[in-house]
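Here are some short exercises to work through with the model open beside you. Try each task before reading its solution.

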Amino acid sequence: MNIKFLLLGTSLSLIPQYVAAQCAVTDCQQLGYTSLQECDNGLKCPFGEYWACPMPKEETAILGECTGYAKNCSIGQILNSDGTCSTDKVGGKTPIGVVVYISGGSDKCGYAMTASPITTSIMWSTEYINTGAFQSHNWEDAIKDFDVSGNMTKIIQTSNGNSDKYPAAYAALNYAPSAAPKSQGKWMLPTAGILNSLYTNLNAINNTISELKGTQLTNDNEHIWASSEYTDKRAWVFCTIDWHGLTYYGKDGSFGGYGVVRPVLAF
C-alpha cells in the first residue's frame with residue numbers, strides 16, 4: 001500500500017471547500033422601498049417597514065369644465081393643453097392661454113384667455129336685441145358679471161344658428177388651438193367681470209403674454225368684446241384707460257368702432 005498517497009489524500013479531504021456565493025441585498029431603501037408610510041397600491045419591503053409607492057398622477061384640469069383644479073393655479077400663469085398650469089413654459093407642454101380669473105368658493109373655477117386676439121375689427125352683432133345675457137349700463141354692476149356660459153348660451157340661442165348676426169360670439173365658439181382641438185365649442189366671450197380681472201392683474205398677465213410671444217395689452221391698443229351687454233344697442237369692451245378696464249361700443253360698430261375677440265376657456 002502506498003502510504004504516501006494515502007496521507008496526501010487525507011490532507012486534501014481536510015481542506016474546506018470555498019463556494020462562491022452572491023450576497024443578497026436586504027437594505028429596503030437600496031431596493032427602492034423609500035416610504036415609511038403605507039400607501040395605496042404600494043409594496044411592502046420584505047426586510048423591514050418601508051414601502052415602495054407608485055408616483056402620484058399629475059393632477060390636471062378638464063378643458064372647458066370647472067372641476068376645482070384651478071385651486072392649484074394663479075392669475076398670470078400659463079394654461080397648457082394637457083390641463084396643467086405652469087409659471088413658465090415647460091418642455092413637452094404646449095401653452096394655450098393665460099389665466100385671467102379664478103373664482104372664490106369651493107368650485108375654484110378658472111378662466112384662461114388667448115395670448116393674442118383670434119380676430120380683429122369684428123362686430124358684436126348686426127341687430128339691436130336684448131339677448132337675455134347680462135345687461136347693465138352701470139360698470140359697478142357689470143364687473144360682477146361672471147356668467148360666461150349663461151351669456152353665451154343666450155346669445156347663441158338668440159342667433160337661431162345665424163353666425164352672421166353674432167360674429168363675435170361665433171368666432172369664440174368656433175375657435176380651437178391646434179394643440180387642443182377638442183376644446184372647440186368651449187371657448188367663449190369673456191364677461192365684463194373677467195375683463196375687469198384682466199385689467200386688475202394686467203402687469204402679471206402682460207408678462208406672461210410676452211413670454212408666449214403674444215400681443216400685450218398696452219396703450220389701449222385693443223377693445224375686447226365682452227358677452228355682457230350695456231344696452232340692447234351696445235356691449236361692454238375692455239380698455240386700459242376707462243372705468244376699471246371697461247367702456248362700451250355699439251354692437252354693430254356704429255358707436256366706438258369694432259372690437260376684437262380674445263376668447264376664454266374654463267378649467
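**Exercise 1. Find the cysteine bonded to C28, and work out the handedness of the disulfide.**

Step 1. In this predicted model, C28 is joined to C45, with an S to S distance of 2.1 Å. Sulfur atoms within 2.5 Å count as a disulfide, so the pair qualifies.

Step 2. Now look along the S-S bond: its torsion is about -85°, so the disulfide is left-handed.

Step 3. Place both ends on the chain. C28 sits in the loop between α1 (3-13) and β1 (43-44), while C45 sits in the loop between β1 and β2 (51-52). The two cysteines are 17 residues apart, and the pair links distant parts of the chain.

Step 4. Check the surroundings. Buried means under 20% relative accessible area. C28 has 8% relative accessibility and counts as buried; C45, at 2%, is buried too.

**Exercise 2. How many disulfides does a search of the whole structure find, and where are the others?**

Step 1. The search finds three.

Step 2. One of them is formed by C66 and C109, whose sulfur atoms lie 1.8 Å apart. C66 is in the loop between β2 and β3 (78-80), and C109 is in the loop between β5 (95-102) and β6 (110-113). This pair also links distant parts of the chain, 43 residues apart.

Step 3. Compare the two ends. C66 counts as partly exposed, with 39% relative accessibility, whereas C109 is buried at 5%.

Step 4. C73 and C85 form another disulfide, with their sulfur atoms 2.1 Å apart. The torsion about this S-S bond is about 90°, so the bond is right-handed. C73 lies in the loop between β2 and β3 and C85 in strand β4 (residues 85-86), so the pair ties together parts 12 residues apart in sequence.

Step 5. Both ends of this bond are buried: C73 at 11% relative accessibility and C85 at 16%.

**Exercise 3. Work out the strand order of the sheet that contains β10, and say why β9 and β11 are edge strands.**

Step 1. Begin with β9 (residues 225-229), which runs antiparallel to β10 and is joined to it by two bridges. W225 stands opposite V237 in β10. The two strands form a hairpin with four residues between them.

Step 2. Move to the other partner. β10 pairs with β11 (residues 246-250) over five bridges, again in the antiparallel sense. Across these strands, A235 has Y249 as its bridge partner, and R234 stands opposite G250.

Step 3. Put the pairs together: the result is an open sheet of three strands in the order β9-β10-β11. β9 and β11 each have a single partner strand, so one side of each is left without a neighbour in the sheet. From one strand to the next, the twist averages 40°.

Step 4. Finally, consider burial. Four of the five residues of β10 (residues 234-238) are buried, so this strand is largely enclosed by the rest of the structure. C239 is buried as well, with a relative accessible area of 1%.

**Exercise 4. Which residues line the largest pocket, and how do they divide by character?**

Step 1. The largest pocket holds about 160 Å³ of space.

Step 2. Its lining consists of K89, P95, I96, G97, T114, A115, S116, P117, I118, Y175 and L212.

Step 3. Sort these residues: seven are nonpolar, three polar and one charged.

Conventions:
Residues numbered from 1 in each chain as written. Predicted model: local features only at pLDDT ≥ 70, side-chain atom pairs only at ≥ 80, totals over all residues. Heavy atoms only, no water. Buried < 20%, exposed > 50% of the residue type's maximum accessible area, 1.4 Å probe, protein only. Pairing = 2+ DSSP bridges. Axes fitted to C-alpha atoms, helices over the stretch in contact; angles between N-to-C directions. 1 Å grid on protein atoms, 1.4 Å probe; cavity = no way out; pocket = protein on both sides within 12 Å on 5 of 7 lines; lining within 4 Å. Points joined across faces, edges and corners; volume = space filled by probe spheres on them. Nonpolar A, V, L, I, M, F, W, Y, C, P; charged D, E, K, R; others polar.
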